[in-house]
Amino acid sequence: MLSGLELNTELSVPDPSFTEAEGRTAYSKLVFEALRDGKTTKSAYFESYTAEGMEADRMEDEYVAITVVDETAPAAKVDYSMTESTNQSVTATLSVYDPESGILKLERSYDGISFSPIESIVSHTETFEQNATVYFKVTNKAGIETIVPVTVSNIDKTPITQDTHYKVEYSYENYLGNWVPITEGKAYRRVMATLKFTGGGKTLSMTNNNAAFSRTLTEDNNTFTFEFRDQSGNTGSHTVSYNQFDNTIGRTSYVLSNTAKTNQNIFATITLTDDSGEIAFAEVKKGDVVYPFKGEPLENEYVVELDSSGIYNVTAYDYAGNRWTTPITVSNINKVTPTAIARTYSTPPTTITAQSVNVELTQFSKDIKTITVTGVEPTGSLTANDIVHIPGTKAVRFRKNGTVSMFFVDDYGNEGQEVITISNIVSTPPQIKATATLAEDKLSVNVTFDQIRDSDGVPLDILRKLTELTVSYRGYEHALLTEVKDESGDALSYKEAVINVKTNGEHVFQVRDQTGITQKILVTVEGIEVGGPRVKEVRWTYKYLEKNQSGEWVEKDHQNKIVVGVDTSGKEEGYVVGIDKNPATNQNVNVTVITDKDAKLVGGNDPWEQEKSMNYRENGLYNFNLEGRTGTYTSYGVDIGLIDKTPPVLKLKNGEELIFIEGMTPKKDASIAYDKSKLLDFEAWDMVAGKGRPDEPGHHKLWNWRAGV
């Protein structure tokens, strides 16, 4: 067996085969190496000197295989029969094992110092009658020891005692509903006995009384025994009792300061008496509202201020905890302000009138027999002369629009008022404006009507609606706005009055309301077309070519116009556009005639407008035949004579002689030899507007080379 070796550590020991007499000491070196095969096999490595041979060769080494090496202490496990708190004995079972070298011995000690052997070396059961610690020493066959302490601390066999583990308290219920400590010797309606556990190392629980720690004692049931146990199973009991009880309630009486009808607060003087002579608490409530007492009570007399009719409950408590409630009924207080909830009009507010209007209050929030009108006051611009009120009535007559306040009082003295406004009395004409809109065909004007409004869009006349007004024109009367209803009589939309006027000039419209008051509206109509269109201007535009200073032809734009009656007599039936005032061109010319009224080409699908255009591709006359909206026709011709699309003419004088033979010289044959002079003898001209030959008027002679003209 190898012991005392550490893994991978060298250990040198003296070799006894050498003696000190030889003058030297030999050592063997032992190395305890690590695992070699991943299991339990280890090796010991030895180095030693031999007794013979050369000194340098004496060192020898050797490995010794060790198949079982025990380096760990034995293991132990403890199992307890009970780990919760208990008042019974507890057993602890110790199990020990060592898988490498095995168990050599098992020892026990009660003080942790002196150990004595135990017969069993595999397991041992120890019985504890009380809390204690027992020490066990386990030694394996490699000589390694382990000390295992086994402790039991959950045994409790002490009895449950008052003042150490619990105490008893007595309390009664006061007027606040709280349970407070009693005063010894006093009587109470009921008493509560409570066991309060104070600890002392125990946790107690009740085994009767539905596990509750409190018990209410009454005159009929004044004794009770609590039974309880601790967490270890120890049990106990305690009897509580109380013998002084008072279950007699007190009495309440009261006097009201006023029982007549009033709208003011009244006072109640309340007297509370109890056989015990003691009042612990008193209060007055109406619903959830508490009414406080005035000052301090005097010999059990309390004064409280009451503010409305109803039932007030007076609740009182004596010091025994008895409670009684007495109602106080009050029916003579009323602070509700009366209001008017219905009225009648001699003329409904939605109907305008030129007469006075009478308004009467016919229903109130209280019985009308209890209401008395105390006065009527006009407000704003309305004066007393504008109204009539007969005392004793609930009516007022308005001569003018305005507002009054009618004051009244009920039989409790509550005052109220009703504001009455009249705004349907009219004396001024309606405020309507007429708008004339020229029809799309410009042959008539549609006149419509609307209210005149201020800058904020509010009608100046707020009394009249358009549905209540009519307009008359040339003996016919029209409603300004008419409801369109479905088969059920429900309004679907509104139809506005539209009066069609076919002549220019002043037209008079009369707007009337339901009372006959009339507003006269004068409308001046303009813009209705009369007669046919007239051409007032002719314009033409085109492009042409002109040589610049460099001799290059450049394209330019040209436009011109005439105003009929200014540039012409105004009586002509057309106009000729020639080269006298306009440059000639080989491009198209666009001509536009402008009329004083909308027109369209006769037989055409062009729109109604005041401008009609035609594009001239050649010179010639085109008549603009125009039709006006009234069906009247007019015609105006425009003759274009400045378009020249014919190229210039070039004529050679010696055409029959212009035959040349290449290489021929004048010496050989002058008639067929090249002669430049023959090419320069020609005439050229340009036809303008399709007119003119070289000797005719209107032609442009370009050049005659020989003549130099």
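**Warm-up: a charge and a ring**

In this predicted model, arginine 215 lies over the face of phenylalanine 224, at 4.2 Å from the ring centre. Keep that picture in mind as you work through the exercises.

**Exercise 1. Classify two aromatic pairs**

Task: Decide how the rings of phenylalanine 281 and tyrosine 317 are arranged, and find where the two residues sit. Then do the ring geometry for phenylalanine 293 and tyrosine 302.

Solution:

Step 1. A pair of aromatic rings is described by the distance of the centres and the angle of the planes. A search of the whole structure turns up 18 aromatic pairs.

Step 2. For phenylalanine 281 and tyrosine 317, the ring centres are 6.2 Å apart and the planes meet at 50°. Rings pair if their centres lie within 6.5 Å, and planes under 30 degrees apart count as stacked, over 60 as edge-to-face and the rest as tilted. The angle is 50°, so this pair is tilted.

Step 3. Now place the residues: phenylalanine 281 belongs to strand S21 (residues 279-286) and tyrosine 317 to strand S24 (residues 310-318). They are 36 residues apart, and the pair links distant parts of the chain.

Step 4. Check the surroundings. Phenylalanine 281 is partly exposed at 24% relative accessibility, whereas tyrosine 317 is buried at 13%.

Step 5. Turn to phenylalanine 293 and tyrosine 302: their centres are 4.8 Å apart with 45° between the planes, and this pair is tilted. Phenylalanine 293 is partly exposed, with a relative accessible area of 22%, while tyrosine 302 is buried, with 10%.

Step 6. Rings can also gather in a group: Tyr166, Phe197, Phe213 and Phe228 form one aromatic cluster.

**Exercise 2. Draw a sheet**

Task: Sketch the open sheet made of S28, S31 and S32, and mark its edge strands.

Solution:

Step 1. Strands of a sheet pair through backbone hydrogen bonds, either parallel or antiparallel. Here, draw three strands in the order S28-S31-S32, with antiparallel pairing.

Step 2. Mark strand S28 (372-379) and strand S32 (415-422) as the edges, since each pairs on one side only.

Step 3. Add a turn to the sketch: on average, neighbouring strands in this sheet are turned by 20° against each other, direction ignored.

Step 4. Connect S28 to strand S31 (residues 402-409) with seven bridges in the antiparallel sense. For one residue match, glycine 375 has phenylalanine 407 in S31 as its bridge partner.

**Exercise 3. Two loop residues**

Task: Is isoleucine 182 buried or exposed? Is glycine 287 buried or exposed?

Solution:

Step 1. Locate isoleucine 182 in the loop between strand S13 (179-181) and strand S14 (191-197). Its relative accessible area is 14%, so isoleucine 182 is buried.

Step 2. Look at the partners of isoleucine 182. Beyond its neighbours within four places in sequence, it is in contact with several residues, among them Tyr170, Ser171 and Tyr242. The C-alpha atoms of isoleucine 182 and serine 171 are separated by 4.9 Å, although these residues are 11 apart along the chain.

Step 3. Locate glycine 287 in the loop between S21 and strand S22 (289-291). With 58% relative accessibility, glycine 287 is exposed. Its C-alpha atom is separated by 8.5 Å from that of isoleucine 311, 24 residues apart along the chain.

**Exercise 4. Follow the salt bridges**

Task: Which parts of the chain are tied together by lysine 186 and glutamate 278? Work through glutamate 537 with lysine 561 and lysine 543 with aspartate 557 as well.

Solution:

Step 1. Side chains of opposite charge can pair when their charged atoms come close. The whole structure holds 27 salt bridges.

Step 2. Between lysine 186 and glutamate 278, the closest N and O atoms are 3.7 Å apart. Lysine 186 lies in the loop between S13 and S14, and glutamate 278 in the loop between strand S20 (266-273) and S21, so the pair ties together parts 92 residues apart in sequence. Lysine 186 is partly exposed at 29%, and glutamate 278 is partly exposed at 35%.

Step 3. Glutamate 537 and lysine 561 form a salt bridge with their closest N and O atoms 4.0 Å apart. Glutamate 537 is in strand S42 (residues 535-547) and lysine 561 in strand S43 (residues 553-563), so parts 24 residues apart are tied together. Glutamate 537 is buried at 12%, but lysine 561 is partly exposed at 45%.

Step 4. Lysine 543 and aspartate 557 meet at 2.6 Å, N to O. Lysine 543 lies in strand S42 and aspartate 557 in strand S43, 14 residues apart. Lysine 543 is partly exposed at 37%, and aspartate 557 is exposed at 59%.

Step 5. Finish with a network: salt bridges that share partners join Asp156, Lys202 and Asp230.

Key
Residues numbered from 1 in each chain as written. Predicted model: local features only at pLDDT ≥ 70, side-chain atom pairs only at ≥ 80, totals over all residues. Heavy atoms only, no water. Phe/Tyr/Trp six-rings, centres within 6.5 Å; stacked < 30°, edge-to-face > 60°. Helix = DSSP H or I, 4+ residues; strand = E, 2+ residues; numbered from the N terminus. Buried < 20%, exposed > 50% of the residue type's maximum accessible area, 1.4 Å probe, protein only. Lys NZ or Arg CZ within 6 Å of the ring centre and 35° of its normal. Pairing = 2+ DSSP bridges. Axes fitted to C-alpha atoms, helices over the stretch in contact; angles between N-to-C directions. Contact = heavy atoms within 4.5 Å. Salt bridge = Lys/Arg side-chain N within 4 Å of Asp/Glu carboxyl O.
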